[in-house]
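Hi,

Here is the structure I promised to pass on to you. Have a look at it first, and then read my notes below.

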Amino acid sequence: MTIASQLSINWGQGALITGASRGLGRALAEALAANGARVALVAREPGPLGDVVAAIRARGGIAHAIAGDISDPHAIHRIAGQAQGLVGEIGIAIHNASTLGPTPLRLLLDTECEDLAAVLETNLVGPFRLTKILLGAMVLRGSGVVVHVSSDAAIDPYPTWGAYGVSKAAQDHLARIFAAELSGTGVRVLSIDPGEMDTVMHAEAVPDADRATLSRPAEVAAKILEMISDGERAPSGARLVVPKWESAS
Amino acid sequence: MTARYAGAVVGSPGTLTESIRSSGRSTQLATDEVPRHRVRLIAIDRASDHVSLRPFSELPGLLRADDLVVVNDAATLPGSLRGETADGTSFELRLSGPIDGSRLTGVLLGEGDWHTRTEHRASPPRLDVGARVRIGTLEARVSTSRGRRVELDVTCGADSLWQALYATGVPVQYAHRDEQLALWSVQTSYASRPWAAEMPSAGRPLTWKVLLGLRRAGIEIATLTHAAGLSSTGDDALDRALPWPENYEIPERTTSAIARTRARGGRVIAIGTTVVRALEASGGEAGSGVARLRLDAGHALRIVDGLVSGLHVPGESHFELLGAFAPRDRLRRALALAAANGLSGHELGDAWLVV
């Protein structure tokens, strides 16, 4: 966090993070708020989200809770409206919420079509709907960053990770096409693979993992903030991998 | 539809009168909703006598490389809220401006909904200062009451207020449209903070194809935020005083863009009358303010050189405002051209450009 705050971006702006009640989303919200951003946290369940917001406020940060399900088409304009009503113009949007689909993970031939569609709704279509609302204003202002939290499953065809891997590969490409269409406008659209982290989601996917080998969400969040602030090494359309990112000295 | 788009129809006074006479049409505009990709535009030249009909998507070609386009980036609030007094009488609260902390400012209407014309709606219950009301899951206390105009203080925190607002509110709409408007259908493609009681609808046909086309043509685009208010309250006396004072905020990058445009001899084109109101009220200064001026044919424009807006007929306040840009007879000819070609005067309809 302290490293990121030394870099050039003005952090004192509105930020929106989905899936913000736990894991990487929570860590990103805390890191952004610690740097002075006004943060709108989105998650399905108001209870745990309220605890995170209270914790950020207790440390002097500006945070607001929005209960909403990113996979629900009717919820998207509400989420965007609440966020901009509460924190003003959004300059940083992070699509962190995602679902694995049913766990234990299944082979594609055992994956129900409805389950694949539901994963795409949460991981691809929902973020697309939300970006569509937020990105236009960023383009007219000439600045803004949209981050899609990706996964190595977007690149490597891991057996049983079918629905999730397909959704993340599509999301990466969505980011690249947005970047191509909006080249030169001052906004950046990124995909960031955070690497393997010690989170609830990871435990659901890989229950027998050695947790000592997994990185901490707070460390990953600090690196993602560096990427957000570094337009040169993280240009629009880039797909970045946190474990390969060298912090600027 | 395609045939109408095929070529620009250029009207000179003589030919236009002819075509209207022969088709027997008056300046009655159609009232259908037009998809945002299909909007047509009547271009009115302030300097000459020309009016022409184009697809809206040709806007970049109708402006000059030195021009600046200014849009209102206010998102539209779900400003129609159902409420109940302590004794169980129901009412509708229509927000007339942005939410200020925990304060809702709006107009009360009696039982019923948009299907009934506002002027025919039942009178709202009288709410005195201090009265408690319930709006969806929100509890509120009346802090100001001037007839139908009220200010309510919500007792919960900001997060709960905004959650409840978007859970229960729907866009304000009027009797000419039967189906409920969806929240997404009343947003421009660049909407940001939810400040507008009604959609700044002149920006609706600005698809990203058009916006990026403007940029490619060397035309700058700048934003301001203007809290567009209600267009009708159902109360004659109140309606005569519309538009009420409206909050606006103009960023410095926009006033710099205006100064640059002036310096190079370009023109400032407002997308919508709310942009005209904000810019003319501001005198070109950046910052927050309240627009109190009422624009009409007598107003000498100081900042704005051109306007894109929905079509309006004589008698409507928007038409009178257009008088500040072009003589009435030219506007009437433009309307005749619009009517002869079936253009729509719906707020989600077709458009005109005066520049």
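Before we start, one term: two strands count as paired if DSSP finds at least two bridges between them. Keep in mind, too, that this is a predicted model.

With that in hand, take strand 4 (residues 90-95) and strand 5 (residues 144-149) of chain A, which pair in the parallel sense over four bridges. You can spot His95(A) standing opposite His148(A) in strand 5 of chain A. Both strands belong to an open sheet of seven strands in chain A, with parallel pairing and the order 3-2-1-4-5-6-7. At the edges are strand 3 (62-67) and strand 7 (239-241) of chain A; each has a single partner strand, so one side of each has no neighbour in the sheet. From one strand to the next, the twist averages 20°.

What lies across this sheet? Helix 2 (residues 23-34) of chain A lies across strands 1, 2, 3, 4 and 5 of chain A, and runs at about 170° to strand 1. Helix 3 (residues 46-58) of chain A lies across strand 2 and strand 3, at about 175° to strand 3.

Now for the inside. As a general point, nonpolar side chains in soluble globular proteins tend to be buried together. Here the largest nonpolar core has 168 residues, and those touching the most other members are Ala29(A), Leu32(A), Val39(A), Leu41(A), Ile42(B) and Val70(B). Helix 5 (residues 113-141) of chain A gives the largest share of this core, nine residues. Domain 1 and domain 2 of chain B both contribute residues to the core, so it lies between them. Try clicking on Ala29(A): leaving aside neighbours within four places in sequence, its contacts are Ile17(A), Ala20(A), Val39(A), Leu41(A), Val52(A), Ile56(A) and Ala63(A). Apart from the big core there is another one of nine residues, including Val119(A) and Tyr164(A).

Over to chain B. Its domain 1 covers 36-75 + 181-354, and its domain 2 covers 78-168. Their centres, taken over C-alpha atoms, are 30 Å apart. Where the two domains of chain B meet, 14 residues of domain 1 contact 13 residues of domain 2. The domain 1 side has seven nonpolar, five polar and two charged residues.

Finally, how do the chains meet? In chain B, 19 residues are in contact with 17 residues of chain A. The largest share of the chain B side, five residues, comes from helix 4 of chain B. By class, that side has 12 nonpolar, four polar and three charged residues.

Happy exploring!

Terms used:
Residues are numbered from 1 along each chain as its sequence is written. Chains are lettered from A and ligands numbered from 1 in the order in which they are written. This is a predicted model: local features need pLDDT of at least 70, side-chain atom pairs count only at pLDDT 80 or more; totals for chains, interfaces and linings use all residues. Two residues are in contact if their C-beta atoms, placed from the backbone, lie within 7 Å. Helices (H or I, at least four residues) and strands (E, at least two) are DSSP runs, numbered from the N terminus. Ala, Val, Leu, Ile, Met, Phe, Trp, Tyr, Cys and Pro count as nonpolar, Asp, Glu, Lys and Arg as charged, and the others, Gly among them, as polar. Domain bounds come from an automatic or database domain assignment. Axes are lines fitted to C-alpha atoms, for helices over the stretch in contact, and angles run from 0 to 180 degrees between N-to-C directions. A nonpolar core is a set of buried Ala, Val, Leu, Ile, Met, Phe, Trp, Tyr and Cys residues joined through C-beta atoms within 7 Å. A residue is buried if 20 or more other C-beta atoms lie within 10 Å of its own, exposed if 12 or fewer, and partly exposed in between; C-beta atoms are placed from the backbone.
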